[in-house]
Amino acid sequence: MSNSGSKTKTIAIVGSSLAGFGLLFTVIGVFMLYQATQFAAVAVTTTGTVVDIEIDRSFDSETGSESVTYRPTFEYSAVDGVKRNAKTVAASSSYDYPIGARVQILYNPDDPQTVRVSGFWSVYLLPIVFVAVGVLLIGLGFIVVRFLRNAGDSDGGLEMSDFD
């Protein structure tokens with residue numbers, strides 16, 4: 001096989017892989033979006049009081065950086081009058097509520113342990129990010145494959161220096 005044909009095949013694999021990962025991200029994002037929409041449709045809004053904050057620290061030895069995430073536990077009264085404690089579904093790297101703060105929250109009355117801070121972004125941010133990354137990867141994969149198709153193998157084909 002010629003060096004040019006090998007490069008073409010490699011580029012086709014890269015483009016197809018990008019599109020494949022993009023499709024996977026998009027499917028996961030759409031599923032998460034569906035779940036978020038289902039949650040929002042049944043969620044009850046109430047006021048919760050921050051009673052605890054779980055802090056998770058992780059250190060990346062390669063970069064020397066530390067990341068911190070926060071997951072609050074809220075105490076709230078459900079529609080059945082029972083006081084409950086529940087941690088938020090998602091942790092966050094930024095957190096503005098100290099212990100004792102009163103915060104609007106959403107919870108699922110069929111599963112009172114499923115709690116989110118009330119707001120569009122707390123419900124939909126992660127699914128939107130997954131869909132957006134997926135669509136970008138699909139687009140990038142198609143651009144790579146399209147570039148390959150347009151470049152062809154004429155005039156010596158693609159050179160590895162084109163990718164440096």
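In this predicted model, a good place to begin is Leu-125, which counts as partly exposed because its relative accessibility is 42%, a value between the 20% and 50% limits that set buried apart from exposed. Leu-125 lies in helix H2, which covers residues 120–151. On the surface, Leu-125 belongs to a nonpolar patch together with Phe-120, Trp-121, Ile-128, Val-129 and Val-133. Taken together, the residues of this patch offer about 530 Å² of accessible area.

From the helix, the description turns to the sheet. Five strands make up an open sheet, in the order S3-S2-S1-S4-S5, and their pairing is antiparallel. The edges are taken by S3 and by strand S5 (111–117); each has a single partner strand, so one side of each is left without a neighbour in the sheet. From one strand to the next, the twist averages 40°.

The pairing of S1 with S2 can be followed in some detail. These two strands run antiparallel and are joined by eleven bridges. Within this pairing, Val-50 is found opposite Phe-74 of S2. The two strands form a hairpin with four residues between them, where Gly-64 adopts a positive phi near 75°.

On its other pairing, S2 meets S3, again in the antiparallel sense, over five bridges. Phe-74 appears here too, with Ala-86 of S3 as its bridge partner. Glu-75, in turn, stands opposite Asn-85 in S3. As a general point, side chains in a regular strand alternate between the two faces of the sheet. The hairpin of S2 and S3 has five residues between the strands, and its turn includes Gly-81, whose phi is positive at about 85°.

Charged side chains add another layer to this picture. Four salt bridges are found when the whole structure is searched. One of them brings together the side chains of Glu-54 and Arg-71, with an N to O distance of 3.9 Å. This pair connects distant parts of the chain, since Glu-54 sits in strand S1 (residues 44–60) and Arg-71 in strand S2 (residues 65–77), 17 residues apart. Glu-54 also forms a salt bridge with Lys-87, and here the closest N and O atoms are 2.5 Å apart. This second link again ties distant parts of the chain, from Glu-54 in S1 to Lys-87 in strand S3 (residues 83–87), 33 residues apart. Glu-54, Arg-71 and Lys-87 are thus linked in a network of salt bridges.

How open to the surroundings are the members of this network? Glu-54 counts as partly exposed because its relative accessibility is 32%. Arg-71 is also partly exposed, with a relative accessible area of 23%, and Lys-87 falls in the partly exposed class at 39%.

A further salt bridge joins Glu-75 to Lys-83, with 4.0 Å between the closest N and O atoms. Here the two partners fall in separate classes: Glu-75 is partly exposed at 30% relative accessibility, whereas Lys-83 counts as exposed at 58%, because the exposed class covers values over 50%.

Key:
Residues are numbered from 1 along each chain as its sequence is written. This is a predicted model: local features need pLDDT of at least 70, side-chain atom pairs count only at pLDDT 80 or more; totals for chains, interfaces and linings use all residues. Side-chain values use heavy atoms; hydrogens and water are left out. Patches are made of residues with over 30% relative accessible area and no salt bridge: like charges are joined within 9 Å, nonpolar side chains (Val, Leu, Ile, Met, Phe, Trp, Tyr) within 5 Å. Accessible areas come from the Shrake-Rupley method with a 1.4 Å probe; for residues, only the protein chains shown count as cover. Buried means under 20% relative accessible area, exposed over 50%, partly exposed in between (1.4 Å probe, protein chains only). Two strands pair if DSSP finds at least two bridges between them. Axes are lines fitted to C-alpha atoms, for helices over the stretch in contact, and angles run from 0 to 180 degrees between N-to-C directions.
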